[in-house]
There are 2 protein chains.
Amino acid sequence: MATGRTHRPATRSRGIPEATVARLPLYLRALTALSERSVPTVSSEELATAAGVNSAKLRKDFSYLGSYGTRGVGYDVEYLVYQISRELGLTQDWPVVIVGIGNLGAALANYGGFASRGFRVAALIDADPAMAGKPVAGLPVRHTDELESIISDNGVSIGVIATPAGAAQQVCDRLVAAGITSILNFAPTVLSVPEGVDVRKVDLSIELQILAFHEQRKAGEEAGQGPAAAPAQPRQGTQARTAAAAASRKGPEGDVPAVMPA
Amino acid sequence: MATGRTHRPATRSRGIPEATVARLPLYLRALTALSERSVPTVSSEELATAAGVNSAKLRKDFSYLGSYGTRGVGYDVEYLVYQISRELGLTQDWPVVIVGIGNLGAALANYGGFASRGFRVAALIDADPAMAGKPVAGLPVRHTDELESIISDNGVSIGVIATPAGAAQQVCDRLVAAGITSILNFAPTVLSVPEGVDVRKVDLSIELQILAFHEQRKAGEEAGQGPAAAPAQPRQGTQARTAAAAASRKGPEGDVPAVMPA
DNA sequence: CCATCTTTGTGCACGCGTTCACAAAGGCAT
DNA sequence: ATGCCTTTGTGAACGCGTGCACAAAGATGG
């Protein structure tokens, strides 16, 4: 997972819990696959397996949307696809702008999963004048100067930020000023936005770090007993702690300046 | 957020809650920035703001690691960077393989955030023979045939899957068989893995769908009263529902195995 | 029409995560 | 030393999310 929603503590939107909303796309994907194979109905058990969740959870999730199942039979695939799509707002067309057409931006522009779900890439925007006009994924890259006009002309409300971290907040501010109210942020920075603007963050290196944590734990368990090479520094008393802190800078008990400069 | 951990319900690893582990990289990033500016100490309040979280949460998170602060003063930046890095396992080198060198795979290979956090791209692997040998991000792309040998020769335990959905499970199986125990999956599929293997999933289109949901809600509130253009199909009576369901298919009871063959 | 069987929808309990609020701890000035 | 001021660390309460387990609902066959 990448990380989550930024503000909006857990605003249960219209009674549908956030956790459920986050799973709806999962169900939708599984259902779409079934639909393509012309499967007419599916039980909560089967669908749950396909979506990788627990069947009780799935049933409870669906219960927030309404009573769309038939007891003794299951759920009608086509009907459920429609209901979930409508609930997620995918029955309408969402124009999207992608800002920052580096490797990642280009990958996003080429990503097929967008178009098939009601998202349309309205424009690709980059600050580099050399990029302007160059076609990426069939669209000419536009210069940042045009950002505001592109957004208002196309009625765009969703923006994707794929710039370097340094430029992200500035781009974000311009997007918001231009009327964007939902942002998907790939830059490794915390964006600050005014009330009413939703930000979701996807951070590639964070995901890897979380994996590393568990990986280290597995390796540690396997080898010794305790976690990792752990008991070395379990929880020091105050003075020892302070000493270690000092040591990490230079001291006699020299223990490495710690970690990367970057 | 992209979506989260797959199995392991909430295994509180060594007493550190999952939710806390997921935030540690966030703190680490903020601390690293402070470190670069040679800020010696930071209060929980300041750091929390920089990381985009609540200060009480941050203090509680740190309390799981130990008592690393000084009352009345705050936290020593360098020392904390070291402690968090160690906890996350970033003081060691993690070789990583990326499978599937399309747009996304290439973007990942070029992503600087990995190298600076202890992750080293050991190899780029693709099934297309035409890609073999072609340099991407300074590394020659290797063919899938070499997958097993690359992993064992380099002692790789973390794999990144950036293939199309159709190939993901197959690649996953080979990675696991070759000894990989942590997988970061970018393919839009539910991977099934044996016990002991961690999978984290990043799904670009799911993030957008969640944004669309909130966006729709905002638009709906603004315009009318109720949610979106909703009342159109609010919750039909049973017979109407069944009729719609029947219309969408054909046979009386045509069944089909349901769920995927794989 | 009745009995039986399947599967949904949900009441309930439990546990994790978040937040509040405050006592304890340390620094610093006098 | 002593007292004040700042900031941590955490006990406790609360709320959300999850999973169990079962009653209700509908289909199906006789």
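**Close-up 1. Helix 3 of chain B gives the most to the surface near DNA strand C, with 4 residues.** This is a predicted model, in which local features need pLDDT of at least 70 and side-chain atom pairs count only at pLDDT 80 or more, while totals for chains, interfaces and linings use all residues. Residues are numbered from 1 along each chain as its sequence is written, chains are lettered from A and ligands numbered from 1 in the order in which they are written, and side-chain values use heavy atoms, with hydrogens and water left out. A residue is near a strand if one of its heavy atoms lies within 4 Å of it. Helices (DSSP runs of H or I, at least four residues) and strands (runs of E, at least two) are numbered from the N terminus. Each of these elements supplies at least two residues of the surface near DNA strand C: helix 3, strand 2 (69-70) and strand 3 (74-76) of chain A, and helix 1 (18-36) and helix 3 of chain B.

**Close-up 2. DNA strand C and the residues around it.** DNA strand C is surrounded by 26 residues, and the closest are A:Ser44, A:Arg71, A:Tyr75, B:Arg23 and B:Arg71. By class, this surface has 7 nonpolar, 10 polar and 9 charged residues. Ala, Val, Leu, Ile, Met, Phe, Trp, Tyr, Cys and Pro count as nonpolar, Asp, Glu, Lys and Arg as charged, and the others, Gly among them, as polar. Sugar or phosphate accounts for 67% of the atoms of DNA strand C within 4 Å of the protein, and bases for the rest.

**Close-up 3. Polar contacts to DNA strand C.** A polar contact is a pair of N or O atoms within 3.5 Å; within protein, one must be able to donate a hydrogen and the other to accept it, and residues adjacent in sequence count only if both atoms are side-chain atoms. An N or O atom in the side chain of B:Arg23 is 2.8 Å from a phosphate oxygen of DNA strand C. A polar backbone atom of A:Gly69 is 3.0 Å from a phosphate oxygen of this strand. At a base oxygen of DNA strand C, the partner is an N or O atom in the side chain of B:Lys60, at 3.2 Å.

**Close-up 4. DNA strand D and the residues around it.** There are 27 residues around DNA strand D, with A:Lys57, A:Lys60, A:Arg71, B:Ser44 and B:Tyr75 the closest. Helix 3 of chain A gives the most to this surface, with 4 residues. At least two residues each come from helix 1 (18-36) and helix 3 (55-65) of chain A, and from helix 3 (55-65), strand 2 (69-70) and strand 3 (74-76) of chain B. The surface near DNA strand D has 7 nonpolar, 10 polar and 10 charged residues. Of the atoms of DNA strand D within 4 Å of the protein, 66% belong to sugar or phosphate, and the rest belong to bases.

**Close-up 5. Polar contacts to DNA strand D.** A base oxygen of DNA strand D lies 2.7 Å from a polar side-chain atom of A:Lys60. A polar side-chain atom of A:Arg59 lies 3.4 Å from a base nitrogen of the strand. B:Gly72 takes part through a polar backbone atom, 3.0 Å from a sugar or linking oxygen of DNA strand D.

**Close-up 6. Helix 2 (residues 44-51) and helix 3 of chain B pack with their axes 8 Å apart.** The angle between helix 2 and helix 3 of chain B is about 105°, which makes them roughly perpendicular. Axes are lines fitted to C-alpha atoms, for helices over the stretch in contact, and angles run from 0 to 180 degrees between N-to-C directions; 65 to 115 degrees counts as roughly perpendicular. B:Ser44, B:Glu45, B:Leu47 and B:Ala48 of helix 2 of chain B meet B:Ser55, B:Leu58, B:Arg59 and B:Phe62 of helix 3 of chain B, where contact means heavy atoms within 4.5 Å. These residues divide into 4 nonpolar, 2 polar and 2 charged.

**Close-up 7. B:Ser44 in helix 2 of chain B.** B:Ser44 counts as buried at 11% relative accessibility; buried means under 20% relative accessible area, exposed over 50% and partly exposed in between, with a 1.4 Å probe and protein chains only. The side chains of B:Ser44 and B:Arg59 make a polar contact (3.1 Å). Not counting residues up to four places away in sequence, B:Ser44 touches B:Ser55, B:Leu58, B:Arg59 and B:Tyr75.

**Close-up 8. B:Ala127 in the loop between strand 5 (119-126) and strand 6 (135-136) of chain B.** B:Ala127 is exposed, with a relative accessible area of 54%. Leaving aside neighbours within four places in sequence, B:Ala127 is in contact with B:His143 and B:Thr144.

Notes
Parallel < 35°, antiparallel > 145°, perpendicular 65-115°, else oblique.
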